[in-house]
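Me: I'm new to this one, so let's go through it together, one question at a time. Could you show it to me before we start?

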Amino acid sequence: TVTVRSSAVIQGDLITRTEPFIEEGATIEGEIRQEALDVFREPFPFLARILAWAAITVSLLILGLLLLLLAPRGAEAVAATWRSAVGRSIGWGLVFLVGLPILAVLALITLLGIPFGIGLLLALALIYSVGYVAGAWLLGRQLLKPPRSRVLAFLAGLAILRVLALVPILAGLVGAAATVFGLGALMVAAWRAGRPLPSVETGRSMA
């Protein structure tokens with residue numbers, strides 16, 4: 001907080017970060033204005049956005065490669081699910097994208113649900129990140145179909161999404177779409193994997 005006493009004389013401008021308190025009788029020959037510190041001006045915000053973009057990109061790259069390493073067949077199952085159930089995948093992806101935060105908030109309202117709500121809110125970043133890298137994998141697999149390398153397919157999809165993330169208008173839309181597609185395909189694939197295999201009846205030949 002800046003206070004200008006009644007006996008003060010400022011022969012130039014008065015520049016502060018917040019609104020100053022000026023006592024009656026003080027003399028300010030220049031103009032009075034509020035400005036942020038120089039460190040908050042260009043090019044620092046631009047560099048900060050680039051560094052944040054790079055950090056997020058590296059984190060998503062590591063997460064995606066780790067998932068491909070741990071579950072390569074699962075990744076192909078997700079891609080196959082997307083090809084055969086596009087509408088269902090999108091629907092479930094929207095449900096999880098919108099429904100999980102609502103579920104967490106509703107859980108916080110109840111006393112017993114507070115731990116679950118807090119845990120779910122903390123897990124949302126990881127859940128959405130998994131959905132995003134799954135969406136990148138789906139995009140890359142559409143471009144580089146089998147027998148092309150899974151890693152190359154994922155890298156291609158992630159590269160496209162991260163380049164689009166540099167565009168202010170497209171960043172949010174593309175990111176949300178990738179998360180919806182990836183989450184939905186993951187959920188449908190997991191549901192299919194959990195279903196029991198159909199029984200096959202074998203006939204017995206009679207002599």
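Me: Is Arg33 buried, partly exposed or exposed?
Reply: Keep in mind that this is a predicted model. The relative accessibility of Arg33 comes out at 26%. Buried would need under 20% and exposed over 50%, so Arg33 counts as partly exposed.

Me: Which residue forms a salt bridge with Arg33?
Reply: Look for a carboxyl oxygen within 4 Å of a side-chain nitrogen of the arginine. Here the closest N and O atoms are 3.0 Å apart. The partner has 43% relative accessibility, so it counts as partly exposed. That partner is Glu31.

Me: And which residue is linked with Glu31 and Arg33 in a network of salt bridges?
Reply: Glu31 and Arg33 pair up with each other, but the network has another member. The name to add is Asp13.

Me: How many salt bridges does the structure hold?
Reply: The bridge between Arg33 and Glu31 is one of them, and Arg141 with Glu76 is another. The total for the structure is 5.

Me: How many residues apart are Arg141 and Glu76?
Reply: These two form a salt bridge, with the closest N and O atoms 2.7 Å apart. The pair links distant parts of the chain: Arg141 sits in helix α4 (residues 114–143) and Glu76 in helix α2. Both residues are buried. Along the chain, their separation is 65 residues.

Me: Which helix holds Arg150, the residue that meets Glu76 in a salt bridge?
Reply: The side chains of Arg150 and Glu76 come to 3.1 Å, N to O. This pair also links distant parts of the chain, 74 residues apart, with Glu76 in helix α2. Arg150 is partly exposed because its relative accessibility is 33%, whereas Glu76 at 18% counts as buried. The helix with Arg150 is α5 (residues 150–164).

Me: How far apart are the end C-alpha atoms of helix α2?
Reply: Helix α2 covers residues 72–84, so 13 residues in total. At 1.5 Å a residue, the helix should span 18 Å. The model agrees with that, the distance between the end C-alpha atoms being 19 Å.

Me: How many aromatic pairs are there, and what is the angle between the planes of Trp82 and Phe181?
Reply: The structure holds 2 aromatic pairs. Trp82 and Phe181 form a tilted one, with the ring centres 5.1 Å apart. The pair joins helix α2 to helix α6 (residues 168–194), across 99 residues. The angle between the planes is 40°.

Me: Is Trp82 buried or exposed?
Reply: Its partner Phe181 has 30% relative accessibility, so Phe181 counts as partly exposed. Trp82 has a relative accessible area of 14%, and the cut-off is under 20%. Trp82 is therefore buried.

Me: What is the centre to centre distance for Trp92 and Phe96?
Reply: Both residues lie in helix α3 (residues 86–109), 4 residues apart, or about one turn of the helix. Trp92 is partly exposed because its relative accessibility is 43%, and Phe96 is partly exposed at 23%. Their rings are tilted by 45° between the planes, with a centre to centre distance of 6.2 Å.

Me: What is the area of the nonpolar surface patch that includes Ile50?
Reply: Ile50 belongs to helix α1 (residues 44–70) and counts as partly exposed, because its relative accessibility is 33%. Phe46, Leu47 and Leu166 make the patch along with Ile50. The area is about 350 Å².

Methods. Residues are numbered from 1 along each chain as its sequence is written. This is a predicted model: local features need pLDDT of at least 70, side-chain atom pairs count only at pLDDT 80 or more; totals for chains, interfaces and linings use all residues. Side-chain values use heavy atoms; hydrogens and water are left out. Patches are made of residues with over 30% relative accessible area and no salt bridge: like charges are joined within 9 Å, nonpolar side chains (Val, Leu, Ile, Met, Phe, Trp, Tyr) within 5 Å. Accessible areas come from the Shrake-Rupley method with a 1.4 Å probe; for residues, only the protein chains shown count as cover. Helices (H or I, at least four residues) and strands (E, at least two) are DSSP runs, numbered from the N terminus. Buried means under 20% relative accessible area, exposed over 50%, partly exposed in between (1.4 Å probe, protein chains only). The expected span of a helix is 1.5 Å times one less than its number of residues. Rings of Phe, Tyr and Trp (its six-membered ring) pair if their centres lie within 6.5 Å; planes under 30 degrees apart count as stacked, over 60 as edge-to-face and the rest as tilted.
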